[in-house]
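Ready for a short walk around a structure in your viewer? Keep the selection tool at hand, and we will go stop by stop.

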Amino acid sequence: MLKIEGAKKHYKHRGQMVAAMDDIWLDIPEGDFVSVVGASGSGKSTLLLTLGGMLSPTEGKVYLNGSSLYDLSPDKRARLRREKIGFVFQTFNLIPYLTALENVQIPLFLTGASEIVQREKATALLQRIGLADRLDHKPSELSVGQQQRVALARMLANDPAVVLADEPTGNLDPETGRQIIGFLEEINREGRTVVMVTHDPNAASKARRTLRLDAGRIMNGRVPQS
Amino acid sequence: MRLRTLVWREIFERKNQLATSFLAILLGITVIVSIKNITFYSEKAVAKELDALGANVLILPKSVTMQDYYSADMQSEVIPEEYVDRLTNSDLQGLDNLSPKLSVPIIVGGKTVTLTGILPKDEFSAKAAWQGAGIFSRPQNCGTVVDIPGLSSTSPKETLVRKRVIETLGSNEILVGADVASSLRIREGDQLEVMGRTFTTTAVLPQTGTVDDARIFAHLHTVQEMTGKGSVVSAIEVVGCCNEISLGLVEKINKLLPDAKVVTITQVVDTQLKTNRTMSRLSTVFLVIIILVGGASIANYMYANVFERRKEIGTLMAMGAGSSVVLKIFLLKALLLGLAAGVGGYIIGTALAIVMGPKLAGVPVLPMPTLILLALAIAVPLAILASFLPAIRATRLDPCATLQEM
């Protein structure tokens with residue numbers, strides 16, 4: 001489903017070259033649940049953004065269902081994200097001036113769904129995550145756990161095949177964190193591919209496999225084919 | 001969820017930050033609309049006042065030097081009355097009223113007054129009917145102005161004073177100036193003997209503060225006959241259209257009557273033209289100010305808004321928003337800002353003009369709906385153009401930088 005071939009990402013920081021990704025080779029089959037762990041600055045987030053079509057590597061190729069992401073035009077990549085990829089962020093990234101319902105409607109609006117369809121689907125998703133009574137609440141009127149659940153509902157709006165989660169429990173208390181991981185396991189069981197960056201060993205242990213990153217390299221990943 | 005919902009909600013979320021830019025355009029549009037509105041009615045009022053003032057072109061004998069506009073005809077030199085026919089039958093545009101005069105000093109009741117012969121308008125109508133051409137076939141609306149509320153039209157009695165022309169005057173009728181009437185105790189309907197001939201006082205003219213107050217007006221042909229001067233006049237007063245005067249009416253009359261001297265109250269015309277030019281310049285200055293200050297303010301606000309919303313933009317991009325969606329979000333916001341400032345500026349500017357017009361220009365001012373088009377034609381393109389570069393910048397934001405925690 002997702003494949004990285006020899007990806008490198010170098011950038012200059014205060015005059016010195018830093019390798020955020022250094023010759024990454026990775027193959028993530030459909031329905032996999034991968035956790036990515038590593039110290040801060042090891043390149044976890046760079047890897048996630050690269051997989052999501054948001055950050056082009058300096059070298060190498062990234063494939064989603066066989067099509068090379070960074071050989072597509074930016075608009076085609078955006079369409080691919082709309083249709084296939086869902087992001088979950090550590091700080092939820094809800095739009096503060098919209099209600100929970102409207103936040104979940106955004107991905108549907110971006111695909112051109114009618115307002116009626118948007119409303120019906122967003123309401124059903126919020127009901128699924130137990131926020132049926134918070135539809136018209138703005139993010140500031142919700143607890144952090146509720147905000148992350150709204151973000152999960154938003155991520156599911158366009159029924160993505162791939163879920164990319166960056167520290168989804170990083171800002172949550174242990175109990176709410178467990179609920180969110182449980183939710184990610186549930187959507188993985190539905191057949192979606194999940195890649196989760198985390199610092200939390202408990203959360204990482206729920207994945208089917210764990211990748212450890214160090215200085216832009218996968219320490220326990222697949223060896224490049226010759 | 002629609003694009004406009006997204007834009008609308010954001011505007012109200014951060015309305016305080018938007019207020020400065022909005023006010024900058026709103027105030028600029030307000031001032032421009034106010035100036036344009038007041039200027040329009042001021043020009044109309046000046047035109048009306050010029051019309052009420054009376055003749056603004058004088059045709060005199062060549063040798064005469066004009067000391068006082070109102071007493072220019074009180075000299076011994078004369079020009080042929082036939083000049084009136086030449087003017088009447090000419091194809092000159094912009095001649096409104098003609099008033100030939102013959103003035104002579106006389107003594108009535110022991111007091112020296114001026115007897116002035118004038119030609120009533122009905123005789124011009126007769127001339128036009130006979131000859132089928134001339135000033136009565138001039139283009140419509142020349143020299144006439146729109147009625148403005150608050151400026152009442154003159155009563156028939158005052159037409160000689162205000163418009164330098166009266167409709168009818170019999171051969172044994174006179175009009176008496178206010179000072180003459182007062183000193184000789186003459187009232188309307190009284191008989192008065194002038195140079196051995198008895199006249200009926202048709203009207204006592206209102207006070208004007210000019211030498212006209214010391215005149216007695218009789219029919220031109222009667223005065224010509226009484227003085228034995230023949231078919232001559234001392235002067236011909238002409239009410240000309242201001243536009244035509246500025247387009248060279250005086251030179252055209254000079255060509256038609258090369259042996260006469262043609263003068264105009266240039267100051268009056270110049271005053272109007274100067275006022276118009278000043279208002280026009282002021283309007284241009286404000287247009288430049290609004291473009292510079294308003295444009296800079298909007299651009300500055302939009303850049304700050306893009307910076308503040310970079311995480312939101314990054315999130316939208318992560319959810320699959322293309323650059324066109326991001327561009328539309330900012331340009332639609334600019335459009336709404338321009339529309340609101342344009343409409344608001346029109347409403348406040350119009351209200352200001354209605355309130356301030358009578359105080360500043362001494363004229364009543366009414367709303368001009370067409371000015372809303374001007375207001376929108378300035379505010380909307382300005383807001384969109386000033387927002388364009390910040391909007392382009394938003395589409396080119398680095399998603400990694402926008403999602404800082406990733």
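Two strands count as a pair if DSSP finds at least two bridges between them. Keep that in mind for this predicted model.

**Stop 1: a pair of strands.** Select residues 33–38 of chain A, which form strand β3, and residues 193–197 of chain A, which form β8. These two strands run parallel and are joined by four bridges. Now click on F33(A): across from it, in β8(A), stands V194(A).

**Stop 2: the whole sheet.** Widen your view to the open sheet of six strands in chain A, where the order is β6-β7-β8-β3-β9-β10 and the pairing is mixed. Which strands are at the edges? They are β6 (85–88) and β10 (217–218) of chain A, each pairing on one side only.

**Stop 3: a helix on the sheet.** Add residues 174–189 of chain A, helix α6, which packs on the sheet and touches β3, β7 (162–166) and β8 of chain A. The direction of α6 makes about 155 degrees with that of β8(A).

**Stop 4: confidence.** Color chain A by pLDDT; its mean is 90, and 97% of its residues reach 70 or more. Then select residues 222–226 of chain A, where pLDDT stays under 50. For this stretch the model has five contacts beyond four places in sequence.

**Stop 5: where the chains meet.** Show chain B as well: 20 of its residues are in contact with 30 residues of chain A. Elements giving two or more residues to chain B's side include α1 (3–13) and α12 (323–360) of chain B. Which element gives the most? That is α11(B), with four residues. By class, this side of chain B has nine nonpolar, four polar and seven charged residues.

Methods:
Residues numbered from 1 in each chain as written. Chains lettered and ligands numbered in written order. Predicted model: local features only at pLDDT ≥ 70, side-chain atom pairs only at ≥ 80, totals over all residues. Contact = placed C-beta atoms within 7 Å. Axes fitted to C-alpha atoms, helices over the stretch in contact; angles between N-to-C directions. pLDDT = per-residue confidence, 0-100. Nonpolar A, V, L, I, M, F, W, Y, C, P; charged D, E, K, R; others polar.
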